[in-house]
Structures are given as C-alpha cells and as structure tokens.
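Work through the exercises below with the sequence and the model open side by side. Try each task before reading its solution.

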Amino acid sequence: MCVVFSFLFGLSLMHKKMEFPFPDEVLEHIFSFIQSDKDRNSVSMVCKSWYEIERWCRRKVFVGNCYAVSPRMVSRRFPEFRSIELKGKPHFADFNLVPDGWGGYVFPWIVEMAGAFPWLEEIKLKRMVVTDESLELIAKSFKKVKVLVLSSCEGFSTDGLGAIAASCKNLEELDLVDCEVDDLSGHWLSHFPESYTSLVSLNISCLVSDEVSFSALERLVGRCTNLRTLRLNRAVPLDKVADILRRAPQLVEFGTGTYAAELRPDVYSDLAGAFSSCKELKSLSGFWDVVPDYLPAIYPVCSKLTSLNLSYATIQSPELIKLVSHCPNLQRLLVLDYIEDSGLEALASSCKDLQELRVFPSDPYGVEPNVSLTERGLVAVSSGCPKLMSVLYFCRQMSNEALVTIAKNRPNFTRFRLCIIEPRTADYLTHEPLDVGFGAIVQYCKELQRLSLSGLLTDRVFEYIGKYAKKLEMLSVAFAGDSDLGLHHVLSGCESLRKLEIRDCPFGDKALLANAARLETMRSLWMSSCAVSFGACKLLGQKMPRLNVEVIDERGPPDSRPESCPVDKLYIYRTIAGPRFDMPPFVWTMEDDPSLLLS
Amino acid sequence: MEGALVLLGDGGGGSSGVSTNESAVLSKVEVVSEAESELELGLSLGGGATGKTKASNSSWEENGRILTAKDFPSSVVSQRTNNGGPSSVAVSGTKRSAESISHDSGSPTAVSQVVGWPPIRAYRVNSFVNQAKTQRGDEEVKPKYDLKKKHNFNGNEKGHLGFVKVNMDGIPIGRKVDLNSHSSYETLAQALEDMFLRSANSLEKEPLTMASKLLDGSSEFVLTYEDKEGDWMLVGDVPWRMFVSSVRRLRIMRTSEANGLAPRFNETSGRQRSKPI
C-alpha cells in the first residue's frame, strides 16, 4: 500500500506540474488498486482531473450516514458503482436510545438506484429501516445482485426475504446480522428455486420463529456446493445439525441452532462424526441452550478454529476452560462472563493468537455479581495474549492499577471498550475516579481508534483523552465528567475523532458552541440527557448550514419550553444534503440562517 | 470557560465572531407561563369514569382517556402488582421495574432503572435471559431441549421479551415499548401516554384534528392488545404477569372500533386462560 501511495504521490506531483504524460486509463488502472474508501477520497482531492477519473471508476461506495448525502448526489457522482454500503441510525439506537420512527429509511435509495443501476451487485445496510417493499424492489430491479447484508436492520418480514430468494438468481451472500425480522414463517426458504445453486453465505441466526422449513433448508444446503458460511437460527434443533453438516462438509463458518437434545449416544456420535468430516471449519457460533455433554462433539474441529462465538452459551467456567484449551489457534472469542477470571487466565495461556475478546454479562441487571469476573481476567488476557487488539468487557469492578497494567501490557490496542456495569463506579481499591487508568490506556495505546468509557470519571480523563488519543475515531461516554471542560478537551484535542456519542453527562452549551467548526469535520455527535439548551441548538443550526442539528424530544416541541431548557436528545451530523423531510413528529431540525446559505 | 463564547473557524458566511448578543441569546430566559393551556390527554386505568380526578402524577385531562377493561362493568379486577417471589416472568423484568414493588430482598435496583444501560442489545438480553434464569446457580445445567417449551418463555412469540410494538389509530408510525421496564399497568399507561398523546399534541397535521376531537370528548381511545392466540383483548383484565406472558402487541384503538371488543370480552371472559408458567 505504501508503495502505491508513494508512487501516486509522485504522479500527483507530476500532474500538478502538468508534466503528466500518461492517459487517464493509466490512472484509472492505478486507482483500481485502491480499495479503501478513505484512500479513494484522498485520491479524489488531489486535483480536478483526478476527481473526475476517480469518480468514474469508483466501484464501491460507502455512505457512513445516509443523511449526509442524498441518493441523487451519490448516483450523479459515481455513475459506475457496483456496491453500496449505507448506515442509518446512530449507534446508540442499538440500546434503544433512539426512538422508533426516527428515520433511516432505505427505500428512497433503492428507488434511486433501481432505475440507474440495474447492474448493482452488492447492497450492505446497517441500522436502517428496510421494508418488504424495499426488498421486493431490490428483487425486481437488481438481477445481478450478489451480496445482500442487512445488519441491525428492521422493518421487514420473511415475505420480503421470500421475494429476494425467488428472484435473485445470482445471489451469493444473504447475511442477516442482528436484524429484527417479522418472522411470519420458515417457508420463505422454499422460495429459492430448485435451479438455484449459487449460495456461498447464508446467515439467518437472528430469525426468531420456531418454524423453519427443514427440508427446504437441507435441499438448499445440499445443492449449493459453494456454501462456505451457514449460520442457522435457534429453531434448528441439534439433531438436524448432523444432517446439514454432512451435506456441507466444505463449510468454513458454521452457526448451530439450539445446542441441546436429550443425551443419546447415537445422536452424539452422529454429531461428532459430522463435525469431524468438516475439515475446513474455522468459525463456530450459535450454541443456544447448550447441554454441556454435547460440547465435546466439536473438539475434533477445535484445533483449527480461529473464531468462536459462545456469547449465547450459558455454560460454566470449567467447561469453557476445557473448550478453549482445545483451541490454540483462536483469534476471536465472544463469551459470557461465566468464563470468570479463572477461564480468562486459562484463555491467556492457551490462546496466544487471540486478537479480539468480548465478554458479555450474563446478569446485566442484577445488583450483586453472579460470577467471579473482575478486572483480573482482563489483566490476565492483556498480559498473556500479545496480539490482543480489540476488547469489549463487561464487569463490575475496576481499578486504576489494573488499567495501567493493561495499558502497559497491551499498547497495541485499537479498540478498548470497558463497561463497568454500575454507572459512576469508582476504583474499588482507592475509591478514586478512574481517570488515571483510562488516561494510561490512551497514553500507551497510541493506535487506539475506538474507546468506550465507564466508571467514575471527572473532567481529567477527558483532558488525557484530548491530549493523547490522537488516532481516536470513535468515543462513547456515559455518566462521566463534571463540566463543559470535559467535552471541550475532547472536541479540541482528538484530531481524528469522527463519531462521538455521549449520554447522561453534564456537558452543555459552551463546549459545543466553542467547537462548532470541529463538528463539520466529524461524521456525527450524539448527546442525550446532557445539558445542551434548546437555544444553543438553534444557534448551532443557524450558524452551521452544513450541519443538521436534530433535536429529538418526546416531551413535545422544544419551543413550548424556555430556550434555556435542555433538550432531551441531540443528534448533529454533517451533511451536504440539507435538512431531511422524513422526520417523525418528535424530531426537529434546527433551521439554517437563510442569509448564510447564500454565501 | 469564562467570558464570551467564540464560534471558532470560518463558520458560515463570515459572520464575525460572537458578540455579546449571542451570549445574551443563550443566557436569556424566556418566561413561559406555566399555566399555558396545553391539554394533555391521559391514559387512565384507574380512577373513575369522570375526568376530574388528578390521578397520581399523570397529567391527564378530563376529556381524554383511554378506556380499559376496568371501565366495563363485568371486568375482572386486575391484579396490579407483582406478587414477588420466584416467578416465571423474566427476572430482569422484576429487577428493572421502576416501581420495584415486587423486589423481595429490598436491595436497591440501582442499575436497572436506566434506559439503555448497560449497553447491551435487546436481542442479546432477550435471548439469554430466558436461559439464564433457570441455569443461574445450578450445579447441573438443565437441558432446554423441549422445543415445545419455548413458547412458555415469557414474552411474545417473536422472542423479543421486553419490547412490543404499539400502534395508535391515526398515527402511521408505530412505537415500541419495553414491558420489562414496567411492573404494572399504570406505568405502562403512563409511558404510552408520554409516547403517543404528547406527540399528538405537537403534530401539525391530521392528528391535531384527532386531538381536538379528543378534547371535545366526542371520541376516546382504548388500549388493547393482541395475545398469543391472535385475539384482541382489552388491556387490564388479567393479572400483569399473565398479560406480559401473552401479549404480542398493543394497539391504542378508537373506542368506536373497540365497542365490539367489550361485549366480546364479556363473552370470552369466561374462557379458561391457561395459567402462566
């Protein structure tokens, strides 16, 4: 990549000096090696002609905020794209902080593309509202579509999926990740015609109905010999797994359904045999309702596993320890806190290739800890796993000392998300805030791109973050800080910040207004249950025409209260599409000052 | 940060710095009359049929009320509170209830009352809460292999234990409400009132006329729900936990349409409802 860049840099210098002897096609060819969106954007800014060349040959379009730009603008700028990735709702929508009906509708995008881009091959959507109508339009308009990925989307039913199955003859990947699907019946699978054999990846793990057409599923799996990824949903019982695996021994990624059945030796040996025949398996998931005695059936494949998602498996530490000790090549582990500190210590000694760890709470709303999972587990993993880069960890206690140790152990963290379950929990040893601990994280982990804070935190932690977290792109803050200074440190110091989401912090108008220009260099800012007044929102909206300042307030119109009243939720994002018009009644976009729009 | 605020950068349109005017904008307080008449319509499950009562802290007006089974003579008196003790209702439900009436141990429900915290996605909570409650503390993990038992999980069939969809007649956008965060019909009613009727007042378009009809008292709303068997019932007639275990979705229905419900309810009130597990 560096070689290409220095070459490009040289080329751009030549171009600027108008000594450029090569035709555009050469540049186009060179650009084809540049896949990342960021790099493509950089290339397009070198000069006007590079912008032109690049836009005609961009094949993959990424829109991080579907309201930052309009469908028409995208289709005008990139007339030849084949793949589109769109993201809709703010991240906090995952935790129900964004009321239903806020927006993020994909339909207008599909309509725009349907006419002009019949050759579209890939559609990837995240946190968008996708209706059956949209899916039907996709099915009708894009005969060449190969990849459809719906991640955290909602608004559609299995009827829409049936339309896709029936019409998309070239479909290779259908990936439903954590979607909310109205599961009307399992029969949509039968809509894949018998002649259809191109499936490479199918993920239906989020479908909740108990009905699955097993025969349709088995036939589909049987005839799609290129199938590499299959993630079943909970409805598929354990005794069907063996049948399916036998039809698809070439699978690389597999997600079970319910991993429970009456203990029967024949079922067990059937299952173990089926797993053994899968020589290519690298990733396993599913494992709902695990009956521990059936776990050893997967041991034959464990040595090759690089990814294991046990985050639904309510198995206890001893079984988990046994399991991970069979997986020396594990790179990615998702698990419940049943693993406990002891399990994480075992993980640290068995899995030296571990890169990503996520530990979820089994009893998130309980007041008392139900498992022995503390900061010690995280310290152990940070110490024992030299390649660990990404962590999501829920626990109930933490200390500055532990965080400093972790930071020093693992300066290569790129993602560090710590959730201490009780808000504003202090260092359990010293009763101090955890400022120093998180400060160490940002100081030592110079490549940190994503950080989520928790525990008792003052403005000081934000001072550290502003000072050290120069590569930080996304920051999540909750129940932290003392004053606007905190927010000011972050907005003024974190040069790479693109996404900032804040809830329940005493941040108000001053920092926001003082750093208004910074907001145009970020994708978005979310603030809920903070102290930003309606007056400040209006002012920001007026002064910054390239920002949409959305006030979300279910208590009623903000102008029915004094201007100094804080708004409930605030979502600010940069846009070149102007205010949107698909808002529900509880969302208001602050108006731009008309005189500024003319300048 | 003391002193005048400065909007940094070029800003838009070259406006020169922030004068004290803008500070004044920020610091001025508009005095708004508290007595401003903003008729707020209430969901009422308790109280009498006449609207004058100020039910607890709900701000509902005489003219707007959502009727429930209580208003019908033959309704069964609903059991409002959880009885506490071990229940088959998801434990997270009791622990999350704002009321916490049912919380046996009396320990504070600190974490539980905050929306969206801890930051775990709903599907994750829903899926393992069902498993965890039976397996927590057990030496031996009890197998849950009987698929038929799945429907006994508390929550609607969709498996989204906490969240059910709510639609209100005349409002195109449905909402979702987390049943786990309520332990009684009252709090649910309050939440729905906040969600729908306040917004209705602020709408510019059609629903405003609907609201004004409500103000006339010429039409009212009823809260109904669709149960697991697909029947539409009036909310409030069964004990809360039974309701939670059988509700699939909610609908705030115009009384005119719901009239058919009441007699039907009467007919079916004698139906043997299966006891909650």
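**Exercise 1: Placing one valine**

Val69(A) is found in the loop between β1 and α5 of chain A, where helices (H or I, at least four residues) and strands (E, at least two) are DSSP runs numbered from the N terminus. This is a predicted model, in which local features need pLDDT of at least 70, side-chain atom pairs count only at pLDDT 80 or more, and totals for chains, interfaces and linings use all residues. Residues are numbered from 1 along each chain as its sequence is written, chains are lettered from A and ligands numbered from 1 in the order in which they are written, and side-chain values use heavy atoms, with hydrogens and water left out.

Task: decide whether Val69(A) counts as buried or exposed, and list its contacts beyond its neighbours within four places in sequence.

Solution. Begin with the cut-offs: buried means under 20% relative accessible area, exposed over 50%, and partly exposed in between, with a 1.4 Å probe and protein chains only. Val69(A) counts as buried because its relative accessibility is 14%. Next, take contact to mean heavy atoms within 4.5 Å; once the neighbours within four places in sequence are left aside, Val69(A) touches Val63(A), Val74(A), Trp109(A), Thr575(A), Ile576(A) and Ala577(A). As a check on distance, Glu211(A) is 142 residues from Val69(A) in sequence and 40 Å from it in space, C-alpha to C-alpha.

**Exercise 2: A parallel run of strands**

Task: find how β14(A) pairs with β13(A) and with β15(A), and give the handedness of each crossover.

Solution. Two strands pair if DSSP finds at least two bridges between them. Strand β13 (residues 332–336) of chain A pairs with β14(A) in the parallel sense over five bridges, and Leu334(A) has Arg358(A) in β14(A) as its bridge partner. Between these two strands the chain passes through helix α14 (residues 340–350) of chain A, and this β-α-β crossover is right-handed, in the sense that, with the strands pointing away from the viewer, the path from the first strand over the helix to the second runs clockwise.

On the other pairing, β14(A) and strand β15 (residues 390–395) of chain A run parallel and are joined by four bridges, with Val359(A) opposite its bridge partner Tyr393(A) in β15(A). Here the chain crosses through helix α15 (residues 375–384) of chain A, and this β-α-β crossover is also right-handed. Finally, four of the five residues of β14 (residues 356–360) of chain A are buried, so this strand is largely enclosed by the rest of the structure.

**Exercise 3: An enclosed strand and its helix**

Task: establish which residues cover each face of β19(A), and what covers the buried residues of α19(A).

Solution. In a regular strand the side chains alternate between the two faces of the sheet. In β19(A), Lys499(A), Glu501(A) and Arg503(A) lie on one side, Leu500(A) and Ile502(A) lie on the other, and all are buried. Five of the five residues of β19(A) are thus buried, so the strand is largely enclosed by the rest of the structure. On pairing, β18(A) and β19(A) run parallel and are joined by five bridges, with Ser476(A) opposite Glu501(A); β19(A) also pairs with β20(A) in the parallel sense over five bridges, where Leu500(A) stands opposite Leu525(A).

Now turn to the helix: β18(A), α19(A) and β19(A) make a right-handed β-α-β unit. Helix α19 (residues 484–493) of chain A is mostly covered, with eight of its ten residues buried, including Leu487(A), Val490(A) and Leu491(A). The cover for these buried residues includes α18 (459–468), β18 (474–478), β19 (499–503), α20 (509–514), α21 (516–519) and β20 (524–528) of chain A.

**Exercise 4: Backbone exceptions**

Task: locate Asn96(A), Asp178(A) and Pro118(B), and state what sets the backbone apart at each.

Solution. Asn96(A), in the loop between β2 (83–87) and α6 (107–116) of chain A, has a positive phi near 65° although it is a residue other than glycine, and it is partly exposed at 31% relative accessible area. Asp178(A), which is not a glycine, has a positive phi of about 55°; its place is in the loop between β6 (173–177) and β7 (180–182) of chain A. Pro118(B) lies in the loop between α2 (91–96) and α3 (122–135) of chain B, and a cis peptide bond with omega of about -5° joins Trp117(B) to Pro118(B).
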